[in-house]
Each structure stands twice: as structure tokens, then as C-alpha cells.
Amino acid sequence: MATTVPFGVNSPRGLRTVSMAYERTGRGEPLLLLHGIGHHRQAWDPVLSFLALERDVVAVDLPGFGNSPALPEGVPYDLASVVPVLGAFCEKLGLDRPHVGGNSLGGLLALELGRAKLVRSVTALSPAGFWTEGERRYAFGTLRAMRRGALSLPMPVIERLARSAAGRAALTSTIYARPGRRSPDAVVAETVALREATGFHPTLAVGRSVAFTDDVPGMPVTVAWGSRDRLLLRRQGIRAKYAIPGARLVRLPGCGHVPMNDDPALVARVILDTSR
């Protein structure tokens, strides 16, 4: 069950209160988990049981996604604002430089947290920001189409589609290589999360100018890419390796853009190996 915590952050308009929902489980060194755009913390559910054996795991809903309310007026969704928000969240929970794992948007944020020295290690799964302009336009167009589809379908139709493997594929095959493995309830919940995400359009708007080109020195970094990622093509992982020469580049065979569902054991092992 999610817990919501409020905390203060500085903004150009002064101190603002941000609230974020999270779920915490396990014990050991802290590990922060960040989901992608339009998703929610439950994207990590398939790997939580593996990670919690060795880590104090905190899976969050990013501001404007899942159960977390939108950022307050005056706090934009750009990296310069969201990274300090995540830093303040960790401070509020007493997480002293946690390890971090992130997927897509969450992977980009994880790398930025590493660059800011706010974490101990970084595992980025198909992180955003290593695209060409054409690849970015393709990804953003696909995301907008997914959002329009989620908004256009009545709830009874979404629930009916989620009950069959073919219907789950229709709803989620863009992000999963093995959508049939996702439970009907999970598919309904993440479709609702996509349609209700108040942070979706503001995040896409600032994402037009995002390109990650800086190194993340002084800590273990793993960049992992699904071999069947249809949203951010796997050749972007090569660019990530050039930008972060010390990073370990890992291929996730048979995995899509959100690999935690496609191969939970492999993803958990990659994260734990990095954090060790």
C-alpha cells in the first residue's frame, strides 16, 4: 500500500510543498526505483521480491504520475527541478545516498542523480536522452498515441481487453516484449495511470531539449537495454556507453522497453550486481 509524504523544495517562486507516493519494502542498503513517463511505481512489482531480499527498496510515483499529485505551480518538470525534488524526497525519508534504478524517464533521472552525487550507484534501463532528433520524435509520437488510445477507450472496454492475452498485447505491446505475462489487473491499472497522468504533457514538453552527454564519474553505472525495445531503440545504448565510458553496458535478451515484467530475475540481478 502506498504512503504519501509531503516535503518542501525551493523554487524560483520560493518554498513549495511537494507530495510523493511511495511503497517501501525489504532491508539492507537503500534502493530508490523510478518508473518511466505515463507509468507508475507498480511497474517495479515483478522485481520487488527479488530486490527486497538484499535492499531497503523504495518505489516511488514520480510527481504527476500514479498516486503522486502534480508539481505545484512554479516548479517545472525539467531535470533541473525534478532532480532536487527527488533529492529532497530522499532526505525526508532518511535515505542517505541510495542506490538508484530507473527505467526510461526514470533511467534519465537516475543518471542525473548520479551526476549530482546524490546516489551510490546507478542502474538505468533503456534511459531517455540518448536519441537522435528523429528517434525522439518517433518515441514522443508513439507515447502520445498510447495516451490518446488510453483516453479514448471506455473503462469496460479496457477491462474486457485486459482479460485476454491478445487484448493485453493490444494495450501494452509497445512497452512489453511479453505482454501476456502481465496480469489483467496490472494492465488495467497502468492504462488508467497513463490516462490520468497530469505530468505527461509537461514532461514531454521539456523533453524536447533533453540530450544526455555528460559522464557520471566516481560510482558504478550500468546501462541496460532490452533487445526488443520498440520505443527507444537499442542502438541508443551504444551512444550511452560513449557518453559514460565507465558504464557497464548490458543487453537484456528478449526484453522490451519496460523489462521488469519481461524478465524479472534478470533485471533484479543487473540492479543488485551494480549496487554491490
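Modeller: In this predicted model, a residue counts as buried when its relative accessible area is under 20%, as exposed when that area is over 50%, and as partly exposed in between.

Biologist: Why, then, is R97 called partly exposed?

Modeller: The relative accessibility of R97 is 36%, and since the band between buried and exposed runs from 20% to 50%, R97 counts as partly exposed. R97 sits in the loop that joins α2 (79-93) to β5 (99-103), and its phi is positive, at about 45 degrees, although R97 is not a glycine.

Biologist: S104 also has a positive phi without being a glycine, so what makes S104 count as buried?

Modeller: The relative accessible area of S104 is 8%, and because the limit for buried is under 20%, S104 is buried. Its phi is about 60 degrees, and S104 is found in the loop between β5 and α3 (105-115).

Biologist: How do you know that G74 is partly exposed?

Modeller: G74 has a relative accessible area of 22%, which is not under the 20% that buried requires and not over the 50% that exposed requires, and therefore G74 is partly exposed. G74 belongs to the loop between β4 (55-60) and α2, and from its C-alpha to that of T274 the distance in space is 36 Å, with 200 residues separating the two in sequence.

Biologist: What makes C90 and C255 count as buried?

Modeller: C90 has a relative accessible area of 6% and C255 one of 0%, and because buried asks for under 20%, C90 is buried and C255 is buried as well. The number of disulfides in the structure is zero.

Biologist: Turning to the helices, why is α5 called oblique to α6?

Modeller: Helix α5 (residues 155-162) and helix α6 (residues 165-172) pack with their axes 6 Å apart and at an angle of about 120 degrees. That makes α5 oblique to α6, because roughly perpendicular covers 65 to 115 degrees and roughly antiparallel begins only over 145. The contact brings I158, L161 and A162 of α5 against G167, R168 and L171 of α6, and its residues comprise four nonpolar, one polar and one charged.

Biologist: How do you know that the buried residues of α6 line one face of the helix?

Modeller: G167, R168, L171 and T172 are the buried residues of α6, and, viewed down the axis of α6, they fall within an arc of 110 degrees, so they line one face. These buried residues pack against α5 and α7 (184-196), whereas A166 and A170, on the other side of α6, are exposed.

Biologist: What makes the buried residues of α9 line one face of the helix?

Modeller: Helix α9 (residues 236-243) has Q236, G237, A240 and A243 buried, and down its axis the buried residues fall within an arc of 115 degrees, so they line one face of α9. They pack against α4 (133-152), β7 (221-226) and β8 (248-252).

Biologist: Why are α4 and α7 called roughly perpendicular?

Modeller: The axes of α4 and α7 lie 8 Å apart and meet at an angle of about 105 degrees, and since angles from 65 to 115 degrees count as roughly perpendicular, α4 and α7 are given that name. On the α4 side the contact is made by M146, R147, A150 and L151, and on the α7 side by T191, L194, R195 and E196; four of the residues of this contact are nonpolar, one is polar and three are charged.

Key. Residues are numbered from 1 along each chain as its sequence is written. This is a predicted model: local features need pLDDT of at least 70, side-chain atom pairs count only at pLDDT 80 or more; totals for chains, interfaces and linings use all residues. Side-chain values use heavy atoms; hydrogens and water are left out. Axes are lines fitted to C-alpha atoms, for helices over the stretch in contact, and angles run from 0 to 180 degrees between N-to-C directions. Helices (H or I, at least four residues) and strands (E, at least two) are DSSP runs, numbered from the N terminus. Angles under 35 degrees count as roughly parallel, over 145 as roughly antiparallel, 65 to 115 as roughly perpendicular and the rest as oblique. Contact means heavy atoms within 4.5 Å. Ala, Val, Leu, Ile, Met, Phe, Trp, Tyr, Cys and Pro count as nonpolar, Asp, Glu, Lys and Arg as charged, and the others, Gly among them, as polar. Buried means under 20% relative accessible area, exposed over 50%, partly exposed in between (1.4 Å probe, protein chains only). The arc is that of the directions from the helix axis to the C-beta atoms. A disulfide is a pair of cysteine sulfur atoms within 2.5 Å.
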